[in-house]
Structures are given as C-alpha cells and as structure tokens.
Amino acid sequence: MRWWKQMGAGLVLAGVVLGQAFAGTGGPVTEAALAQGFANLDHARRTLDGAELKQVKAVFSQWVLSHPQDPRGHYGLARTDLFLYNYYAHVVKNDPVQAEAAFTEAMKEAKIAAEMLPSNGQVHALLGRLYQIQASLHPVSSLLATVTTESPVLTEFRQALALDPDNLEAEIGLGTYCLFAPKVAGGDRERALRHFRRAAKLDPQDPEALTWLAVAFREQGDLGEARRDLDRALALDATYRFALNENLRLQQAESRRGDSSE
Amino acid sequence: MKFRPATLALVILLGNLLGGAILYLYFAVIDVSTLREFRFAGSLLPLLLLPLPSVIALLLALPYGAPLFEYLSVIGRPGLEPLPETFGGGRIIHFRRRALRYPLVAAAATMLAWVVMALVLAGVVYAYARGYLRSEAAEISPVPMDASIAAEALYQSGQSAHRAWVMIVQMAKSFGLALLMGAVASTLVFFLCEAVWQKQVPRFFPQGRLRDAHDQWIIPVRFRLLMIFLFVGTAPLVLLGILNYQRAGRVLAADTDAALGNLLLSNLFLIAVGVLLAVALSIFIARSVSRPLDQFRRAMDRVRAGRLDTQVQVQANDEFGLLAEDFNAMIQSLREKEAAIRELTQGLEAKVRQRTGELELALREQERTQAQLIQSAKMASLGQLVAGIAHEINNPLSFVYANLDHLERFVGKIEGAAGEAGPEFQETAAQIAKLLQSSKAGARRTREIVQNLRAFSRPDQAEPRPVDLHQGIASTLELLRPLFRDRITVHQEFGRIPNVVGLMGQLNQVFLNLLANAGEAMAGPGEVWIKTWQEGERVHVSIRDSGPGIPPENLSRIFDPFFTTKAVGKGTGLGLSIAYGIVEKHGGEIRVESQPGQGACFTVSLPISRK
C-alpha cells in the first residue's frame, strides 16, 4: 500500500475522530460530505485530476467557512492545495500563478491546522512536505538559511516522526532531505538510506520507498543495490512513473560506468 | 641605476599574472570539477579573465606614482632644486609619504583588483550555473501522468537543491581562491615593488633621513613578518578548508573512484604550493633580516678596528633603515667627538711641552740669576776690595813713581859729581842709575797693574753706556797674563767694530770667564784666537782655543749652572752660566762649537744698541 493510501486512510480516520470531537457544530457541509471530500481527495491525488481537486477544495473551503475551528477542514484544504500545486506545477505547467497561489494557501492552512493540532504527526508531515517544496522553489536562499538555523523541513519531519513513528510520509521526507541536503545543512546519505529502508519496511508493497532506496544507492555510486531495489519497485508496480524515470536514470549511470570501466 | 617606471609596472604585472596563472592552473589541472560541471572544460574562456587584475592594479598603482616618477626623471637635470628639507609645506610631506608608501599602495591596488576578480569570477560561475540549476527533463518516461509526479518533483527539487549547493560551493571556492591568489599576488607585488623602489625612496630625502617629526611613515618589520607568517601559515589551511566543502560535493556526486584520486592530488598540490611558498618566503625573510644584520656586524667590526668613516648602507623602509640612519648618525657623532678629543689632546700635549719648557727656562734662569747674584755680589765685594787695594797701592805708588823721577835727576847730578870723585863712585853711580831704571820700570808696571785692576773692578754703571770691547778684552788679557804667561800664545784679530751699549764690568766678566776657561782647558802650551767683527747691527767676538774640545754629550749642558768637568774644588760651574746670563741680558747670544780634539770656539754676539 502506498503511503498515499495510508495517508488517505489516515485522513478518513482523522475525519471520523475529529468529527466526533467537533460533533454538533453543524453547517452547510455535513459530516458525511466532509468524509466524502476526504475520499474524493484520495482519489484525486492519485489521478491529479484538476476538476476533481477543485471540487474537493470547494467542499473543504465551505467546511472551513462553517467550521473555522475545525482542524479537519484546514488540514483537508491544505492537502487539496498541495495536490493542486502539483497539478498546476507539473501537469498544467504553464500556470505558475495558480501554482503559487495554491502553494501559498496550502502553507497557510497547514500552519493553522498545526496550531490547532500541534501533536498530530500527519499535520507536521504535511508541513514538512510544504517546506520541502518551498526550499525547492528557492534553493539558494533556503540553503544559505540552513547555515545558521536548522531547516524547517528537518524540524517538521522529525516532529512528525516523534509524534507518529510509523509516519511513512515523514520517513520518506526525511530520507529525501538527508539525500540531497549538503552536510552543513544536515545531509547524510547513510542516514537517508536508513530512512528509506525503514519506509520500505513500513510498507513493503510501496514502490516509492523502494524507488527512493534505489535513488539513494545510485547517488552513492552503488549501482548494484540500486538496480536490485528498483527492480523490486518495478515488480510491485511496473507502471509506476517515478520508478520508470529512475530506471532510465539508472540505466544512464550504468551505461556511463560501463563506458568508464571499458 | 636609472629608474624606469616600466620596471615597476613589470613587477606589478608579473605578480598579478603569476597569481592568475596559479588560479588558472588550479582550476584547469587540479580542480577540474568546476570547469567540468559548468562546462568550462577545454575552454580557453577563463584565460580571458587572467589579465583583469593586472590591468586594474596597473590602472590604480601607476597614476598614484606618476608624480614620483616625474620627479625622479627630472631630478638629475642641472638647476633643479631638490625637495626642501623643511616641513613647511604640507605638499612636500604628502609627496614624501607617497614615496614611502608606494609599495604598500601597489599591493593594496593589487588586492583590490583581485577582489574585483573574485567577484567577477563568482559572477561568471553563477551565470554558467543558472542553466545547471534548472531541473532536467521530468518527462523522461512515456508513462502517463499519475500521482508519482509528486515523488518525481521531489527528486527534481532535491537535485536542484544539491546543484544549488554545488554552485554555492563553487562560487565560494572561486571567490575564496581568487582572494587567496590576491593575497599571494599582493604579497609578491609588495616585496618585488619594494625591492625595486627602495633604492629610489632616499632620493626624496636630500639629507638622507627617512624620518623626522612629520615624515615618519615606515612599515615595521613586525608587521611584515606577521603578514608573511600569517599568509604562509594560513594559505594552505584556507585552501584545504575550501576543499572540505568541495569534498562534500564530490562525495555526493561521486560516481567513480577517480574523484577521490583527484581530491588527493589537489590536496598534494596545495600542500606543495604551501611548502614552496613557505620555503621561498622563509628564505626571503631570512635574507631580508640577516643581510642588514650582517652589514651592521661588519660595520661594527670596522668601527672596532678604529675606522670611523664607516657607513652602513641599508636602504630599507623599516626599522633596519631607521637603525642604519641612527647608526650612521652615531658614528658621525663619534667621529666628531674623536676628532675633538684628538685636537684637545694634541693641544694639551703642546701646552704641556710649552709649559714644561717655560718652567725649565724659568728654573734655569732662576738658577742663573741666583748664581749671577752670588757671583755679582762676590765680584762686587772683590771689586771693592781690589779697588780699595788698588787705591791704597796707587797712592804710595804715585809717591814712589814721582820720587823716582826726582831720584833719577838727583842720581844724575850724583853721577856727574862721581865722575869727578873717582872711578869707584862712577861705577856705583852707574849701578844706581840702572837700579833706578829697573825700579822705575817696576813702578810703571805696578801702576799699570793697579790701573787695570781699577779699570776691571770699576763699579757697574747704573745705566748702560757705550763700551769699547777691544779695551775690555785687552784689560782682561792683562789680568790673565799670569795664567797665560809664555804657555799660551794669544792671537788677536780685531776688526773694526763700534762700541756696544752695555755694562762694561759685566761684559769684561764674560770675556774673563771665556778666556780663563780657554786657558784652563789647555794644560800645556796652546793658542788662543780672539776675533772681532761686525755683521749688520751686531758685533761678534769669537774666542777659540786649541784645547781638547768639549765632548758632544756636554755641549748642551755647559751653560747650565753648577755644571763643571773640573775636579772638586777647582771650579764652581758658574762661569759659563754667568756669561750666558750676561750676554742674554744684553740682548745677545752666545754659541759654542766644538769637536773633540779640535778645541772649542765661543762666539758672543751682541747688538750694537740696546732696544
């Protein structure tokens, strides 16, 4: 099961739990509609269907308007905006304004949710993910900032894991951070490998963790291990896009090494 | 040596190009990652940047020195007034300070040029890295879009962050290395420039002083050494520190073992550069310190050997230069004082000699005067006695002499009567006549002796009067007749001489002493030659004998009082001393010439008139 599924189940569970906590608040969107919104979100994030994502966003927006103190709405809205950002940035590609607006709103709602639910690992994992995107948008300034202070990506993912040790998103997020960050900013490839291995253990059927493991091994120069893990990922899902892309990169690396060894 | 600004420009150019060459070699040969990652590998484009620091440094440094070069180019022309020594004009002080600080300004200009170079280099790296920062094509898979795009995006963003870090590292490395090369080039330019410029600096100071109340502006050795040791000590560490950043990037991007080998090679290169720099600069520093010290040591050896014309030729714009000035000033002062002391000593010795001579003369004079006084008193008493005796003798002698005439007349009458009385009476009368003649001759002789005694012992006149020297000599000879008798033959060769103004008695005593000495010097028969003559305003009397002469060792002492070669009790040793004193008092002089076995000749020289 992919961590997205885990996250979706978590979202549903969170909806139920938080719904009980906030039962009786009432509003234009009913609890059932909210639960349906989370279900639709889980579906839309897999297809990155823009129209569906917008519909889900409308549900969560209405819920937030009617239940401003309900963290579920803020969390759902933040998640929806994150997926919308992915949609605008990587699917539509030519709408940076919408992408930025989606990202900004996602960050705002996630922070509100984190304030309301400071002990929720999923919320901190979401924040960590958003900070990771922010760092990718401004790589130089983010790197320079980490010279003096710890990266918020690291902080949020660590907090998520501290609150929820089995949080797959935080485990992979930490792994990716450790993989690409320089040493002065907390980068550590061995540590990245440990996080990816643990992620693969948490969900052995998830090709993403195995693919990240392959990426880490490739970056470290261990192409054999990379090939073994990538083959396992492709065996789980032969159409998994990230794994297929990594397969091409790995093949290029293997080709370069073959050339150099010859 | 004629100064050429081109030499200075060449030195600045050389230092900067050397720094540029090291930088290029580092990136082209050792740290190939930078050029490779930013696609500079094999490109000659970075070479275009090499002249940049040189141009900037020259543009900054040469205009600063332009007035100095102009001054140096015209200073040799006739009629050009050198810079005044006074500090009245602020422009002169500024001019001198400019001359003193020129090497430092050249080094600062070089450093500034390399700061620009570092910024430009970092800018070039950034410009080339912008494309590198862009994510590679995400659509490398033909698979339709799905949710895994988020993972792919995460991967791409991670790669971007990594590349951004690599870019920052490369920019920092380029910037830092350029600054480091700037430090190397500045140090080189400073020392090369100073080596060329040092000889020119003293020409701005006509009196050879590098400092006064206003012109003091040196670069102390402690700062130079600190700068050099800091540079030599830290340069390899800084480079290795930069490499540590590079290493992180290399390990992250490592796909072959060659990267590690490359890293080791670059470390070795930096260590080798550091060692070479340290050795070269250590030798330079050691020489820069030991050479002036050696010059001082040699100079001190020469000074110790008494050569106070020593000068230390240290032309350095630091403590050694100031020390050389102080040393030279000290030697100059020492030379002046030594000359003053020598002059003082010589004057003192001359004064001592003069005073000693004066004292000896005074002592001799005193002794002579004392002896003369004694002799004069003795002679005065003797003269009075002789005069009294002569007077007493002269009176009865006059009776005798007068009576002898009467007696002769009476005897003549008796002799006429005796012829009539008989032959016996005639013979007796004849014998009486003979006796009378003999008595008369004796009386005449006695009268002459008495007259001579009176003449010789005549009391001195109070005032000097003209004296007939011939008469004085004759009277003296008459007195000495008993001494000379037939034993000594006296030859007189009197010339035509005028009377000499003086005291007759004293002059007679001079002749008496000289003639008596001559007579006593000859034990047996001998001869004495007396000669008088006139030369100009002086009258000379020489008395020469045929005696044994005076030994040479005694010649200088014969006029000393109480000096005598005669047996004890035979002579007082005062005769010649008194004669010397009398002659000197008369304004004359007395000389003696003598050869052993050939007699002695005393020559008295007297002025005709006393002034």
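**Group meeting: helices in chains A and B**

Start with the surface of chain B: Leu385(B), Ile389(B) and Ile393(B) form a nonpolar patch there, with about 250 Å² of accessible area together. Keep in mind that this is a predicted model. One member of the patch, Ile393(B), sits in helix α9 of chain B, residues 319–421. Ile393(B) counts as partly exposed because its relative accessibility is 35%, between the 20% limit for buried and the 50% limit for exposed.

Next, Thr176(A). This residue belongs to helix α9 of chain A, which covers residues 168–180. Buried or exposed, then, is Thr176(A)? Thr176(A) is buried, at a relative accessible area of 2%. Leaving aside residues up to four places away in sequence, Thr176(A) touches Gln132(A), Phe196(A) and Trp212(A), and also Leu154(B) from chain B. The side chain of Thr176(A) also reaches the backbone oxygen of Gly173(A), at 2.7 Å.

Back to chain B, and helix α12, residues 504–521. From first C-alpha to last, this 18-residue helix reaches 25 Å, close to the 26 Å expected at 1.5 Å a residue. How many of the 18 residues of α12(B) are buried? The count is 15, so α12(B) is largely enclosed by the rest of the structure.

Last, Tyr128(B), found in helix α5 of chain B, residues 102–133. Tyr128(B) is partly exposed, with a relative accessible area of 37%. Its C-alpha lies 9.5 Å from that of Met167(B), and the two residues are 39 apart in sequence.

Note on methods
Residues are numbered from 1 along each chain as its sequence is written. Chains are lettered from A and ligands numbered from 1 in the order in which they are written. This is a predicted model: local features need pLDDT of at least 70, side-chain atom pairs count only at pLDDT 80 or more; totals for chains, interfaces and linings use all residues. Side-chain values use heavy atoms; hydrogens and water are left out. Patches are made of residues with over 30% relative accessible area and no salt bridge: like charges are joined within 9 Å, nonpolar side chains (Val, Leu, Ile, Met, Phe, Trp, Tyr) within 5 Å. Accessible areas come from the Shrake-Rupley method with a 1.4 Å probe; for residues, only the protein chains shown count as cover. A salt bridge is a side-chain nitrogen of Lys or Arg within 4 Å of a carboxyl oxygen of Asp or Glu. Helices (H or I, at least four residues) and strands (E, at least two) are DSSP runs, numbered from the N terminus. Buried means under 20% relative accessible area, exposed over 50%, partly exposed in between (1.4 Å probe, protein chains only). A polar contact is a pair of N or O atoms within 3.5 Å; within protein, one must be able to donate a hydrogen and the other to accept it, and residues adjacent in sequence count only if both atoms are side-chain atoms. Contact means heavy atoms within 4.5 Å. The expected span of a helix is 1.5 Å times one less than its number of residues.
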